[in-house]
Amino acid sequence: MERKTYCDYLRVIATFAVVLLHVSASNWYSTDVNGLQWQAFNFYDSVVRWGVPVFLMISGALFLNREVPLKKIYGKYILRMVIAFYVWSLFYVIMTVETLENGIIYGIKTHMRALALGHYHMWFIIMIIGIYMCIPFYKRIVTDDFIMKYFLILSFIFFFMIPWTIKLLNDYVVGNNEQMAKLVGVVNSYVSNKNMQMVLGYSFYFVLGYFLDMIELKKKQRVIVYILGAIGFAFTVGVDLNLALKTQQPCGNYYGNFDVNIMLEAVCVHTLFKYREYKSEKFNSLIYMISGYTFGAYLIHVFFIEKFSSVLSFNALSFNPVVSVPVVSCAVLVCALLVSGILNHIPIIKKYCV
């Protein structure tokens with residue numbers, strides 16, 4: 001299968017997006033929403049929320065374009081994810097071990113729970129394992145163009161559009177209006193009772209990634225995508241800021257991966273990179289190499305965020321957050337990629353852990 005250069009670029013930029021998100025979010029709860037600090041955190045947090053959806057879209061484009069036997073899915077991809085999850089869970093447990101006042105037994109239970117659940121960013125691995133398990137189903141869906149489009153439309157309507165609209169109504173329209181509240185409640189119950197699990201969840205992005213990889217958007221269509229993406233970015237920043245100022249509490253109501261505005265961001269970024277020209281073979285080779293280190297960088301980047309903050313007092317609050325967030329994020333990403341690069345040259349670790 002021909003290598004998809006744009007996917008390598010997307011993987012690298014999505015990794016940086018996730019790092020920047022975690023750096024900006026680390027002090028998001030503890031700052032005053034009226035101040036520059038929180039507003040800077042909200043801005044950065046809002047404009048990189050597309051990271052996880054784009055990761056899934058990349059996976060969909062790569063996996064659904066080829067035949068992958070079920071034995072290989074479990075024996076190679078899922079096995080690697082399971083081993084990586086527990087190895088890195090153990091790493092984070094060891095790195096965060098402290099003497100607990102509640103006693104040894106309580107401490108053991110706490111660390112065993114942490115080992116089982118993983119560090120906060122490792123939810124992604126558990127989710128992607130579930131996606132991999134369902135690849136044979138997704139493969140059947142994408143073999144029929146009509147079924148694939150029908151799946152995406154149903155998913156968009158019932159898992160994105162309707163819940164997002166209900167949320168907007170609750171935040172801006174319902175208020176003390178009892179009749180409107182009852183109407184919204186009825187619609188919400190109606191949708192919930194449908195229980196359409198088949199078209200819900202991250203599978204939308206997985207299939208969407210394949211769909212967008214297979215079709216060719218004309219220039220006018222791409223312009224529309226970019227305009228909608230810009231609206232999505234502006235909406236995420238503006239509405240969350242507005243609600244935060246309104247409630248005087250940090251607000252991330254529209255940060256979710258299944259909010260329409262975030263989906264528009266993700267499609268915009270995906271389209272931007274897919275339709276670029278990548279003429280420099282040397283730079284492409286560099287990105288290809290870095291792309292191979294991104295999984296390990298994702299796994300270890302939180303360690304650097306936490307240690308930079310606790311040991312070096314180097315975090316998003318160290319100086320003006322408009323500057324500190326991207327600076328700290330770049331430092332974290334470089335360190336994470338360097339460590340991942342080293343680990344990727346150790347055969348067994350490269351195969352199963354990074």
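Visitor: How much area does the protein chain expose, and what share of it do carbon and sulfur atoms supply?

Guide: The protein chain exposes about 18,300 Å², of which carbon and sulfur atoms supply 66%, the areas coming from the Shrake-Rupley method with a 1.4 Å probe. This is a predicted model, in which local features need pLDDT of at least 70, side-chain atom pairs count only at pLDDT 80 or more, and totals for chains, interfaces and linings use all residues. Residues are numbered from 1 along each chain as its sequence is written, and side-chain values use heavy atoms, with hydrogens and water left out.

Visitor: How do you know whether the radius of gyration of the protein chain agrees with that of a compact globule?

Guide: The globule rule, taken over C-alpha atoms, is 2.2 Å times the number of residues to the power 0.38. For 354 residues a compact globule would have a radius near 20 Å, and the protein chain has 21 Å, so the two agree.

Visitor: Why is Ser 313 called exposed or buried?

Guide: Buried means under 20% relative accessible area, exposed over 50%, and partly exposed in between, with a 1.4 Å probe and protein chains only. Ser 313 has 54% relative accessibility, and therefore counts as exposed.

Visitor: What makes Gln 248 partly exposed?

Guide: Its relative accessible area is 45%, which means that Gln 248 falls in the partly exposed class.

Visitor: What is the sign of phi in Gln 248?

Guide: Phi of Gln 248 is near 60 degrees, a positive value in a residue other than glycine. Most residues other than glycine have a negative phi.
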